[in-house]
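Here is a friendly walk through one protein model, meant to be read with the structure open beside you. We will look at its open and enclosed spaces, then its charged pairs, and finally a few backbone details.

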Amino acid sequence: MTDATIAELTARLEVLESEADIRRIQARYMFLCDTPCPEFGVDDDAHRIELVLDLYTEDAVWEGVGEYYDGQFGRAEGKDAIRAHFNRFWGEKNDPALLLNAHYLTSEQIHVTGDTAEGQWIHMQPWLFADGKSLLRSSRLNNAFRKVDGRWLISRTRTENVFVAPLPNHFAEAYPSTSVLLKP
């Protein structure tokens, strides 16, 4: 093999490894946002929020855009503002309580350029509440990533609503109050 061929193969391998790392970090973010949180040993939302923040750059932006999300989520710049955003979501317990939500990602596109990347997904998310009400939410994601000290991190989460649809009350007959999937 020539040096040029080895260099080309190395560059292609780096892109593939970067895509895999980005895919894992995006999936981990969604995993940590699920309710109940499936990460074993995460006993409270404050711990969960710190695990989510570990996935972000210090200067990251989290924003909801478009007709539906502008007023609901707004824009948070930097880890402290993102922490406050998640504290409002998880830290302020609402009635009726959120019993279950799960994030399903599809339509993935990841574009790597050196130490930066962008990724787009569509996600579906059922929500179940303590009063029996349920809904199905779908959003598009346009996220940015940056490699910091050899590790890919999220530098922007940007979400836009596709739709929110009510589901029949009590549509799910069985769901866990806690997750034990990853329990040793």
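## Pocket and cavity

Helix α4 gives the most to the lining of the largest pocket, with four residues. Please keep in mind as you read that this is a predicted model.

How much space lies in the largest pocket? The volume comes to about 890 Å³. The pocket is lined by 38 residues, and those closest to its centre are T35, F89, W90, K93 and L98. Two or more lining residues come from each of α2, α3 (66-72), α4, β3 (98-101), β5 (116-129) and β6. Sorted by class, the pocket lining has 18 nonpolar, eight polar and 12 charged residues.

There is also an enclosed space to look at. The structure holds one cavity of 30 Å³ or more, and the volume of the largest cavity is about 260 Å³. Its lining is made of 20 residues, with Y29, W62, F73, H103 and Q125 nearest the centre. At least two lining residues are supplied by each of α1, α4, β5, β6 and β7.

Which element has the largest share of this cavity lining? Helix α4 does, with four residues. Helix α4 is thus worth a second look, as this helix also gives the most to the lining of the largest pocket. The cavity lining divides into 11 nonpolar, eight polar and one charged residues.

## Charged pairs

The structure holds 13 salt bridges. Three of them are set out here, with the distance between nitrogen and oxygen.

| Salt bridge | N to O distance |
|---|---|
| E58 and K79 | 3.5 Å |
| D59 and R146 | 2.6 Å |
| D80 and R83 | 2.9 Å |

Let us begin with E58 and K79, whose side chains meet in a salt bridge. E58 lies in strand β1 (residues 56-65) and K79 in helix α4 (residues 79-91), so this pair ties together parts that are 21 residues apart in sequence. Are the two partners buried or exposed? E58 is exposed, because its relative accessible area is 60%, whereas K79 is buried, with a relative accessible area of 16%.

Next comes the salt bridge of D59 with R146, where the closest N and O atoms are 2.6 Å apart. This pair links distant parts of the chain: D59 belongs to strand β1 and R146 to strand β6 (residues 134-148), 87 residues apart. D59 counts as partly exposed, with 48% relative accessibility. R146 is partly exposed too, with a relative accessible area of 29%.

The salt bridge between D80 and R83 sits within one helix. Because D80 and R83 are three residues apart in helix α4, about one helical turn separates them. D80 is exposed, at a relative accessible area of 61%, while R83 counts as partly exposed, at 24% relative accessibility. Elsewhere, E63, R75, E77 and R158 are joined into one network by salt bridges that share partners.

## Backbone details

Now for the backbone. Most residues other than glycine have a negative phi, and most peptide bonds are trans. With that in mind, three places deserve a look.

Where is there a cis peptide bond? The bond from T35 to P36 is cis, and its omega is near -5 degrees. P36 is placed in the loop between α1 (3-33) and α2 (45-53). You have met T35 already, among the residues closest to the centre of the largest pocket.

D149 is a residue other than glycine with a positive phi, near 50 degrees. This residue lies in the loop between β6 and β7 (151-167). D149 counts as exposed, because its relative accessibility is 79%.

H170 is another residue other than glycine with a positive phi, in this case near 55 degrees. H170 is found in the segment after β7. With a relative accessible area of 58%, H170 is exposed.

How values were computed: Residues are numbered from 1 along each chain as its sequence is written. This is a predicted model: local features need pLDDT of at least 70, side-chain atom pairs count only at pLDDT 80 or more; totals for chains, interfaces and linings use all residues. Side-chain values use heavy atoms; hydrogens and water are left out. A salt bridge is a side-chain nitrogen of Lys or Arg within 4 Å of a carboxyl oxygen of Asp or Glu. Buried means under 20% relative accessible area, exposed over 50%, partly exposed in between (1.4 Å probe, protein chains only). On a 1 Å grid over the protein atoms alone, a cavity is a set of points where a 1.4 Å probe fits but cannot get out, and a pocket is an open set with protein on both sides within 12 Å along at least five of seven lines; lining residues have an atom within 4 Å of a point. Grid points are joined across faces, edges and corners, and a volume is the space filled by probe spheres set on the points. Ala, Val, Leu, Ile, Met, Phe, Trp, Tyr, Cys and Pro count as nonpolar, Asp, Glu, Lys and Arg as charged, and the others, Gly among them, as polar.
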